[in-house]
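Got the viewer open? Let's walk through a handful of residues, one selection at a time.

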Amino acid sequence: MPFKKILVALDGSKNSQVAADYAFWLASTLNAELTGQHVVDPRLVDYFIEPEFAEELGYSRSVETSEKVFFALRRIGKTILNIFSQEGLSRGVTTVPVLSEGYIPEEILQLSGDFDLLVVGHRGRYEHKLPARVFLGSIAERLARDSKTPVLISRQPYREIKKVLVAFDGSEASIGALLMAENLATMLNLPLRAVTSIATPEHHAEAQLMIEKGESFLKQESASGVFSILEGDATETILKEAQQNSLLVVGAYGYATKEQNVLGSTTGSIISRSPSTVLIYRPHTSTTKKQQAVQDSREADVVHSVK
């Protein structure tokens, strides 16, 4: 899946800057169009004109005050987008700034439907939650869950990435994640690794069948040495591997049954706990019925092979 149109969510925080760095890097490397979006949330106006807060600033709650605060928030948003555009020029990347108004996650989700990739920052677990900058941390998981577009949640600086790591459990989502990871690794000139987690040694034979099926989806020159089988809890195994300067690629969901479901039950935990940047695979909304039929057929073959 080529990333030709990239959207990055911006709020002016340091986490937002890391997300922007990833977006610039990918847009430059992949020759993609880059759009930066800042959302002015009207609900923040109510926060700033609460009596206890307004009193400290020396103003009273009124319609005029609300308008002034909202105007100030818009001006801040424009400044953030101007800085983004100027940085794009310095990096040789053409950017499109978009200033939106409304409920932050809904505005981002609505706009991201027109893009191939959404890039967002993620606040560290112990960082202070500033009300005007909270969305790139607390909303990142919701965007990953509800987006119809693949989502990259930036953690560590992109310069530290040494490999593309994909979590593979044989599900349709993990097959899509594997193909996306392979494509990205090739374009970024990074090694590709895939991890299949098993609970006990008794599942090794089944996992090997899954891996052989996974290898069949890869280009012949890419398949050798990509997969490894690791024993242990799925979440902990994947997170341990991701510590080694990886861009971690996972599917948005796994199998429907509890016994088969690996990625589906752990994706949320991976997103919130991963020390590395995470790329969540989503089937592109423009997938044709014929393409979907091929994907369904592939998934059926994988399921039958491990039963």
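Before you click anything, one cut-off: a residue is called exposed when its relative accessible area is over 50%, and buried when that area is under 20%. Also keep in mind that what you have loaded is a predicted model.

**Stop 1: glycine 92.** Select glycine 92, in the loop that runs between α4 (63-91) and β3 (95-101). Its relative accessibility is 66%, so glycine 92 counts as exposed. Now add serine 28 to the selection and draw a distance between the two C-alpha atoms: you should get 7.7 Å, although these residues sit 64 positions apart along the chain.

**Stop 2: glutamate 87.** Step back into helix α4 and pick glutamate 87. Is this one buried or exposed? Glutamate 87 comes out buried, because its relative accessible area is 19% and the buried class takes anything under 20%. Show its surroundings and, leaving aside residues up to four places away in sequence, you'll find glutamate 87 touching Gln17, Asp21 and Phe24.

**Stop 3: threonine 95.** Next, jump to strand β3 and select threonine 95. With a relative accessible area of 15%, threonine 95 is buried too. Which side chain does threonine 95 join through a polar contact? Turn on side chains and look at serine 85: the polar contact between the two side chains is 3.5 Å. Ser85 also turns up in the list of residues that threonine 95 touches, along with Phe24, Leu34, Phe84 and Gly88, again skipping residues up to four places away in sequence. Keep Phe24 highlighted for a moment: glutamate 87 touches Phe24, and so does threonine 95.

**Stop 4: asparagine 31.** Now for some backbone torsions. Most residues other than glycine have a negative phi. Select asparagine 31 and check its phi: the value is positive, about 55°, even though this is not a glycine. You'll find asparagine 31 in the loop between α1 (14-30) and β2 (33-40). Asparagine 31 is exposed, since its relative accessible area is 66%.

**Stop 5: asparagine 189.** Last selection: asparagine 189, located in the loop between α8 (172-188) and β7 (192-198). What is its phi? Asparagine 189 has a positive phi of about 60°, and it isn't a glycine either. Color by accessibility and asparagine 189 falls in the exposed class, because its relative accessible area is 69%.

Definitions and conventions. Residues numbered from 1 in each chain as written. Predicted model: local features only at pLDDT ≥ 70, side-chain atom pairs only at ≥ 80, totals over all residues. Heavy atoms only, no water. Helix = DSSP H or I, 4+ residues; strand = E, 2+ residues; numbered from the N terminus. Buried < 20%, exposed > 50% of the residue type's maximum accessible area, 1.4 Å probe, protein only. Contact = heavy atoms within 4.5 Å. Polar contact = N/O pair within 3.5 Å; in protein donor to acceptor, adjacent residues only side chain to side chain.
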